[in-house]
Amino acid sequence: MLEDAGVETPAAQLGAVRPLRVREMQSKLHRWAAADPGHRFDDLYHLVCDRRFLAMAWDRVAGNTGARTAGVDRATVRSVVEQVGVDVFLDELREQLRQQAYRPLPVRERLIPKNGGRLRSLGIPTVADRVVQAALKLVLEPIFEADFESASYGFRPDRRAHDAIAEIHFWGTQGYRQVLDADIEACFDSIDHTALMDRVRTRVKDRRVLGLVKAFLKAGVLRETGMMEATETGTPQGGILSPLLANIALTVLDEHVMAPWEPGGTMSSNSRRVTRVAKNLPNWRIVRYADDFVVLVRGERHHVEALRTQIDEVLASLGLRLSQSKTRVVHMADGFDFLGFHVKWMRKRGTDKCYVYTFIADKPVRELKRKIRALTHRRSQVPFAAVLARINQILRGWANYFKHAVGKHTFNALRSFVWWRVVNMITYRRRMTWTALRRQFKGPQGWRLIALDGVELFNIAAVPVTRYRWRGLSIPTPWTARPLT
């Protein structure tokens, strides 16, 4: 079935044909999986060992921002390139895989500060483990993408947080305004390995691939304290394969909530949903982004509470539970935060009609201001050009994410905040008076944009606010969106 994947390619031609050949095989895997939902794939292991898949996996690892970070063996992408060589490294790794002698090393723990003084534990695999995980993802992702529900958006190709917000906006407009705003507690750390592997086995029959996935789950973690610990549950947050495995596990939740929408289900057509409303029965949909999700209900609050009980039972089968502090039932008229946005059903100013609006939540604004304050401390000795360059980088990324919200007022307020922070830093470090500052930065047309050492401060208020259009329930995958060339 996969006989053409093992053909060797001359090294001189490898770079040119690699993306095309890998994409062709991924398209076949996805097409076969979509055509037969019950098919279990065998003989996938030789694809993981294939030189083209490993080479593309290397490209993705080397092009990632984490390439400079070392695992427990202290090797980085740069050290591999300089001391071993990419071809030698991949050849040795491939031979270990073919001989089934490859064993993942424990991940190195790195604690990242979170809000409220808490810490998030990230697991950093070795470079070799990252490459193998990336190769596994190249093989497994097209298969499981055929099974994932359309309401799942996190860590999936060609999908983004804006799609999830747009779907909430659409169904909120349709009357689905009772909301279960949910968060799974320590999802990546708590997924039951047995339940997860059972889900992987529904599509994968190759024992070698199953063994490789299990080996990554059981690899262990080297704590920052120097203690080595076994990993009995969870998928280490930070690994390339972890988001895909989490989505595979949480598909159980998606399928349970969306079962009535399947063909023949009680909510499978508009007429059936209208009939349920007439009988005072609820309709619902889930919108999930990784371990954060909302269930939108067209019904009453007690219907949401009943759904919450069902969801608790489904998650318990995966070794998971809802966070009691972050999970709540709320009406959309009261508003709720999701993925950095604040969604609220409210009256349009000057009219008697109500609409669903998407604002920028308070939390990301506070976080942005905290970062700007840290960069513009008056006693900082960082060169002005470096400070402005970093501020511009943060502002551009932040504005690009939130430019589809009702955020013009927020952008204007942030422009003023950033301007004053930079101005106060300049006046203190250069011992400038207000008169001198006006002489340098104000002209006949008013205040000029601040530019220091050749770097101009980014004007976030100039970013146009546009509406993000909902792309519907059938967002194409990379393997069906466009023909191969």
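Is His-30 buried or exposed? Hold that thought for a moment. This is a predicted model, so everything I say today is computed from it.

Now His-30. Its place is in helix α1, which covers residues 11–35. His-30 is buried, because its relative accessible area is 8% and the cut-off for buried is under 20%. What does His-30 touch, once residues up to four places away in sequence are set aside? There is Pro-142, and there are Glu-145 and Ala-146. Then come Thr-477, Trp-479 and Thr-480.

Next, two residues in strands.

Start with Arg-288. Find strand β6, residues 283–289, and Arg-288 is in it. Arg-288 is buried, with a relative accessible area of 1%. Look at Ser-152 as well. Arg-288 and Ser-152 are 136 residues apart in sequence. In space, their C-alpha atoms are 4.8 Å apart. Ser-152 is also among the residues that Arg-288 touches, not counting residues up to four places away in sequence. That list also includes Ala-151, Tyr-153 and Gly-154. It goes on with Asn-247, Leu-250, Leu-253 and Asp-254, and it ends with Phe-293. Pick out Asn-247 from that list. The side chains of Arg-288 and Asn-247 make a polar contact, at 3.0 Å.

Now Asp-181. This residue lies in strand β3. Asp-181 counts as buried, at 9% relative accessibility. Which residues is Asp-181 in contact with, leaving aside neighbours within four places in sequence? Phe-293 and Val-294 are two of them. Lys-326, Thr-327 and Arg-328 are on the list too. So are Phe-336 and Asp-337. Phe-293 has come up before, among the residues touched by Arg-288. For a distance across the model, take Asp-181 and Ile-143. They are 38 residues apart along the chain, and their C-alpha atoms are separated by 30 Å.

On to helix packing. I have three pairs.

The first pair is α14 and α16. Helix α14 is residues 362–375, and helix α16 is residues 408–429. Their axes come within 10 Å and cross at roughly 15 degrees. That makes α14 roughly parallel to α16, since angles under 35 degrees count that way. The crossing of α14 and α16 is right-handed. Which residues meet here? From α14 we have Val-365, Leu-368, Lys-369, Ile-372, Arg-373 and Leu-375. From α16 we have Thr-410, Leu-414, Phe-417, Val-418, Arg-421 and Met-425. The residues in this contact of α14 with α16 divide into eight nonpolar, one polar and three charged.

The second pair is α9 and α11. Helix α9 is residues 193–201, and helix α11 is residues 242–258. The axes of α9 and α11 come within 9 Å and cross at roughly 85 degrees. The two helices are therefore roughly perpendicular to each other. On the α9 side, the contact uses Leu-196, Arg-199 and Val-200. On the α11 side, it uses Leu-245, Ile-248, Ala-249, Thr-251, Val-252 and Glu-255. By class, this contact of α9 with α11 has six nonpolar residues, one polar and two charged.

The third pair brings back α9, now with α10. Helix α10 is residues 207–217. The axes of α9 and α10 are 11 Å apart, and the packing angle is about 155 degrees. That makes α9 roughly antiparallel to α10, because the angle is over 145. The crossing of α9 and α10 is right-handed. His-193, Leu-196, Met-197, Val-200 and Arg-201 come from α9. They meet Leu-210, Val-213, Lys-214 and Leu-217 of α10. By class, the contact of α9 with α10 has six nonpolar, one polar and two charged residues. Leu-196 and Val-200 are worth marking on your copy. They are in the α9 contact with α10, and they are in the α9 contact with α11.

Last stop, two loop residues. What is the phi of Ala-186? It is positive, about 45 degrees, although Ala-186 is not a glycine. Ala-186 lies in the loop between β3, residues 178–183, and α8, residues 187–190. Ala-186 is partly exposed, with a relative accessible area of 40%.

Asn-280 is not a glycine either, and its phi is positive at about 60 degrees. Find Asn-280 in the loop between α12, residues 270–278, and β6. Asn-280 counts as exposed, at 64% relative accessibility.

That is the tour. Over to you.

Technical notes:
Residues numbered from 1 in each chain as written. Predicted model: local features only at pLDDT ≥ 70, side-chain atom pairs only at ≥ 80, totals over all residues. Heavy atoms only, no water. Axes fitted to C-alpha atoms, helices over the stretch in contact; angles between N-to-C directions. Helix = DSSP H or I, 4+ residues; strand = E, 2+ residues; numbered from the N terminus. Parallel < 35°, antiparallel > 145°, perpendicular 65-115°, else oblique. Left-handed = near helix turned anticlockwise from the far one by under 90°. Contact = heavy atoms within 4.5 Å. Nonpolar A, V, L, I, M, F, W, Y, C, P; charged D, E, K, R; others polar. Buried < 20%, exposed > 50% of the residue type's maximum accessible area, 1.4 Å probe, protein only. Polar contact = N/O pair within 3.5 Å; in protein donor to acceptor, adjacent residues only side chain to side chain.
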